[in-house]
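Me: Here is a model I would like to question. I want each label set against its cut-off.

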Amino acid sequence: MELNSGDTAWVLASTALVLLMTPGLAFFYGGMTKAKSTLNMMMMSFATICVVSVLWVVYGFSLAFGDSGSAFYGSFSLSGLSDAVGELTNNGGVYGIPLLAFAGFQLMFAIITPALISGAIADRAKFVTWVVFVVLWVTIVYFPVAHWVFDFGTVSENGDVTGKGWLANLGVLDFAGGTAVHINAGAAGLALAIVLGRRIGFKKSPNRPHSLPLVLLGAGLLWFGWFGFNAGSALGATDTAALALLNTQVATAAGLGGWLIVEKLRDGHPTSLGAASGAVAGLVAITPACAFVAPWAAVVLGVIAGALCALAVGLKYKLNYDDSLDVVGVHLVGGIIGCLFIGFFSTTQVNEFGADGVFYGGGWELLGKQAIGAFSVLAYSLIVTLILGFLLEKTIGFRVSKDDELQGLDLTEHLESAYDFEGTLGGTFAGTSSSHKEKVAAKTEEVSA
Amino acid sequence: MKLVTAIIKPFKLDDVKSALEAYGIQGMTVSEASGYGRQRGHTEVYRGAEYTVDLVPKVRLEVLVDDDDADAVVDVVVKAAQTGRIGDGKVWTVPVGTVARVRTGERGPDAL
């Protein structure tokens, strides 16, 4: 196999597209929080880019995709990534793209997954604990689960396959990460919402979005980047990539519509927040299915996901957990819908590497596998994240103090304000930052004295 | 001297301003305000969660006038700000003890 420049170009471009999703997510989430903790919300995403990128080089990629012979985790054989330079990608077969392009592409998935979780704990998480959480969570949850789902094994010259992930080996169809990314993040979000507890004023004060234009901007950036996420997962400029790209577009559009229809019928008004949320629900649901279903089926999936997620986000008020920005209602529910939908509508007519679902004469077998894939990732992520979250809360503390929460995390965690309206609260220049710490200390002393 | 204070719907500000200028009023103070009267607030729905917004955005307009003008100015504001629907606002006057123009130090009606 020679290096294919066309395929490589598409994967490199897709890598950049998928990176953009995380800043997009920062806007999507940041607009939905209160004005006093929007920077904190956005910083949780940006910090994830920092932490996971570094870990990925040190051992992350290796732990997910290094050849270990294990179905559950990779190895440390590619730590540092120096041995990956000049190699071609070997993942269930050799692709004509550099291993480093594959590593870069997969890195972006490892970044956005923990970033997705942050929406469940808006307005109340200690920033430093969040950073520690991301380090530990990707190490014990994301890297192994990525191996389960995305590692199709290293194929040797005589055809032996080693180290194939157990869900990939089972035949679970998940093209771009419905399980490893969305169900994984959704279940972890549920766990952290339980660990950190409800925000002050949950179900009482209006926790309404402080900037819906930011939410729409974020949704637009996510949508744009998602073409790389789904179509890039073909790992080549192929007809599978084209199918994935088109399905992504139509399912997202249909998801947007599905959510708005529910709102119009139930509440009387279609909302901009509903449009943004419906689009993301459509994107989530089509992620695992994008290369296995026909475009008309993608429309059906989008409408179902948009409508069901619109109903699912109300559950938190009945069940009394504060999944602040609906990571569970959109990503967990949308991910499960997408995974199970494959069991019904998947067809080898559009992708010979797929399988036939219930409606294409394949029987119930595929649906069973999809359910195993979805619920095994859900259970693993939920349980491990619950334990991890409680350990962090008991040791270094995960939730901020009541005073800090009321003050707003932008000020208490970052000593910044998102917006300066040049009102009567304007300040004066007080020198450069070299002596900043002493000044803050002196000021604090002065105030408390 | 009297202070006329009017709480009006924000989109009526331009009409009221023009009407007062036409009457001969030379200055005013306008500030954003929020509040509610008998119309109460409204309900917004975010992802299916309803929130009652009690305080509605209003504009507060203040004008200092001579005693003789007070009633006429109130009429001008009422006429210009009226839509006939609930939530149009209120206008009231209070007596003012002293007025001074900061630039010149003039006192009383000369400072208006």
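Me: What makes residues of H13(A) count as buried?
Reply: A residue is buried if 20 or more other C-beta atoms, placed from the backbone, lie within 10 Å of its own. Among those in H13(A) that meet this are Leu366(A), Gln370(A), Gly373(A), Ala374(A) and Val377(A). This is a predicted model: local features need pLDDT of at least 70, side-chain atom pairs count only at 80 or more, and totals for chains, interfaces and linings use all residues. Residues are numbered from 1 along each chain as its sequence is written, with chains lettered from A and ligands numbered from 1 in the order written.

Me: Why is H13(A) called a helix, and what span does it reach?
Reply: Helices are DSSP runs of H or I with at least four residues, numbered from the N terminus. H13(A) covers residues 365-395, 31 residues. The expected span is 1.5 Å times one less than the number of residues. From first C-alpha to last, H13(A) reaches 45 Å, close to the 45 Å expected.

Me: Which helices do its buried residues pack against?
Reply: The buried residues of H13(A) pack against H4, H5, H6 and H12 of chain A.

Me: How do you know that chain B touches chain A?
Reply: Contact means C-beta atoms, placed from the backbone, within 7 Å. Seven residues of chain B are in contact with twelve of chain A. E3(B) gives the largest share of chain B's side, three residues.

Me: What follows H13(A)?
Reply: Gly397(A) does, with a positive phi near 80 degrees.

Key. Two residues are in contact if their C-beta atoms, placed from the backbone, lie within 7 Å. Helices (H or I, at least four residues) and strands (E, at least two) are DSSP runs, numbered from the N terminus. A residue is buried if 20 or more other C-beta atoms lie within 10 Å of its own, exposed if 12 or fewer, and partly exposed in between; C-beta atoms are placed from the backbone.
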